[in-house]
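Colleague: I am new to this structure and would be grateful for a close look at a single part of it. Please describe the protein surface that faces the nucleic acid.

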There are 2 protein chains.
Amino acid sequence: MQMGDRKKKILKAIIQDYIETAEPVGSRSIAKRYIPDLSSATIRNEMADLEEMGYLAQPHTSAGRIPSDMGYRLFVDSLMRKYALSMQEMVHMQTVMEEKIQELDVLIERAARALTSVTQYTSIAMTPDVKKGRLMSMQIVYLQPHKVLLILVTEQGVMKNRIVHTDHEINSEQAYELSSMFNKFLAGLTLEEITLARINQIKAMMAQYGDIITQMVDFITEVIGENERNVLVQGSVNLLNLPEYSDIERAKDVLQFLENKETLSNILPQVAEDGVHVIIGHENPTLGMHGCSIVLYNYKLGKVGGSIGVVGPTRMDYSKVVAALEFLKSQMETLPDKDNAQD
Amino acid sequence: MQMGDRKKKILKAIIQDYIETAEPVGSRSIAKRYIPDLSSATIRNEMADLEEMGYLAQPHTSAGRIPSDMGYRLFVDSLMRKYALSMQEMVHMQTVMEEKIQELDVLIERAARALTSVTQYTSIAMTPDVKKGRLMSMQIVYLQPHKVLLILVTEQGVMKNRIVHTDHEINSEQAYELSSMFNKFLAGLTLEEITLARINQIKAMMAQYGDIITQMVDFITEVIGENERNVLVQGSVNLLNLPEYSDIERAKDVLQFLENKETLSNILPQVAEDGVHVIIGHENPTLGMHGCSIVLYNYKLGKVGGSIGVVGPTRMDYSKVVAALEFLKSQMETLPDKDNAQD
DNA sequence: TGTTAGCACTCGAGATGAATGAGTGCTAAA
DNA sequence: TTTAGCACTCATTCATCTCGAGTGCTAACA
């Protein structure tokens, strides 16, 4: 069956209406509110076709139609009009993000907050993978005779640190010397590039500090090894305001899922390419998240990348959410820090 | 009216039953299951008395009784028997917390997770107030000619850091020299004790580094000024499993509250003294939290203190929750790190 | 004087069923 | 090809009814 312009127009109208009302849409209301020059009977025929083609579904015989995931997909890909963020919305997002932000983590957290507040859905974000970042500095800071602080700083300001107790007594100057040595050999490499071979090289040279070096190595390998990336969720309560989650069981499923950072971090990076992506209902690999859609922006700053996005019901205001993320993208691309990351 | 032993026994039975079932408790079931040597009629009379005294309430005429906040209070203060954590539960809590933990923040997060998993309620925690901690080290780390990393480390390992861009070009040695100077003057003080006067002293001595010092000062005053303490919530979805929150509106109220870290951090430190405290229903100053109880453990490690606790319905298993927190307390008091914090 | 048996009464929860109305599919006419 | 009309479906709503858990009170009993 052919998908004529009229069918598209009707499908679009149905989806828009359903996004707004969350109620199955009937032929009469479409005829009246969207396409007054056609009768409801005609629309009815077209709707029957659209259902047959898989774009619509009917909860039960005497109800209106609701869009299927396939319907939403068509809508997102070629039917919807770009939402233009209002001046107010843009300014709001900018101000939330603008306060002097030095570290990417904080920026992302702010961005998630801004997204939640503009879209009224739930935001999720994953901060960058540390391993891909270039090491900018590695410091061993003297604290007490047997206590030092180890610090890793990458270009993006992502940082790991750890306090360790050393068998070996150490003083401030020695710590400084050690730091310089590490930096000389390792700065500028990505964490992935720091191999055991390189570290052993240093170890050999600084044999007298044996156990500190060993601990530093442990620390580095641990940081490299852990892929527990920082996942954050903002505004999950917003979901409870939506009619689709007035059933508490349904709500529980999704909230449970959002609360579990492990599973969440598994699904986030499912789209490889940069840019803004829409994942609709069953396209989502995770079972519990069918019924939800995710709009995800995979950002990339210098070498590292992460994700930030919005979770909502499949009946999501895609147009607005995509616009918000595109705006976020435009903001992040002109980030002052980005240049610094590459100098 | 006098509160005889029999009344106490009946009240206790009612509360225990209600905690278990969440259903109004009738006289007959008490007679059968708890006090077989009294008839339901007698119990009925006593229950009427207890209601008149304010310990019980009746949702409607033909329903059983439910405990009032005052009833719970009496129960917690003098009726309930101490719950003995099972070996399994203790081991579980210990293993969750035991993985090599260096920083207090991480420890608290683990502890909250353990609490959630043992009690099946929601845990909240607030990490210590940075300002009370003694400064252990203050570092200025060279990153790039116009970029340094500022770090504050306190005894507890609580740490703040910030990357700043300097007008002044700086090299690695200079950063080290600056750090040493700062440390000489400021290490060992609490953040509160670091006054502008002291800083100006350093500033005068290191005039040649003008703008870095200024930025360091800004950073310090900002850290001192911000009382945004780190609040975390674990397992808020658990609330949805409870019958009292099968009404979505009620659930939304509480979840909303738990999601808002600002309001949450205001209510947490409401009990001044250390130790484990129980706050029941209306005793809670926050309006949205009437209907909830909080069991809170205010810990103190060295100079700094924070809170960790469990949020649940007023019909909470106080006995078990208190036991869990007491256990946590005993664990934290024998913390190996605590000694280090004071050396 | 305290305890108990008995009974009338209350009231929420759940079941039943009729009315309502939104919406459909189909047919026949324009 | 479009539309008007009509029979049909089915979720929702509302009133009504029944059921039973639980109470309070009274009178009898120990």
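Modeller: The account below takes the surface near each DNA strand in turn.

This is a predicted model, in which local features need pLDDT of at least 70 and side-chain atom pairs count only at pLDDT 80 or more, while totals for chains, interfaces and linings use all residues. Residues are numbered from 1 along each chain as its sequence is written, and chains are lettered from A and ligands numbered from 1 in the order in which they are written.

Around DNA strand C there are 20 residues, a residue being near a strand if its C-beta atom, placed from the backbone, lies within 6 Å of it. A:G26, A:S27, B:T42, B:T61 and B:S62 come nearest to strand C. Helix 2 (27-33) and helix 3 (40-53) of chain A, and helix 3 (40-53) of chain B, each give at least two residues to this surface; helices are DSSP runs (H or I, at least four residues), numbered from the N terminus. Helix 3 of chain A provides the largest share, four residues. By type, the surface near strand C comprises six nonpolar, eleven polar and three charged residues. Here Ala, Val, Leu, Ile, Met, Phe, Trp, Tyr, Cys and Pro count as nonpolar, Asp, Glu, Lys and Arg as charged, and the others, Gly among them, as polar.

DNA strand D is likewise surrounded by 20 residues, of which A:T42, A:T61, A:S62, B:G26 and B:S27 are the closest. At least two residues each come from helix 3 of chain A and from helix 2 (27-33) and helix 3 of chain B. Helix 3 of chain B gives the most to the surface near strand D, with four residues. That surface divides into six nonpolar, eleven polar and three charged residues.
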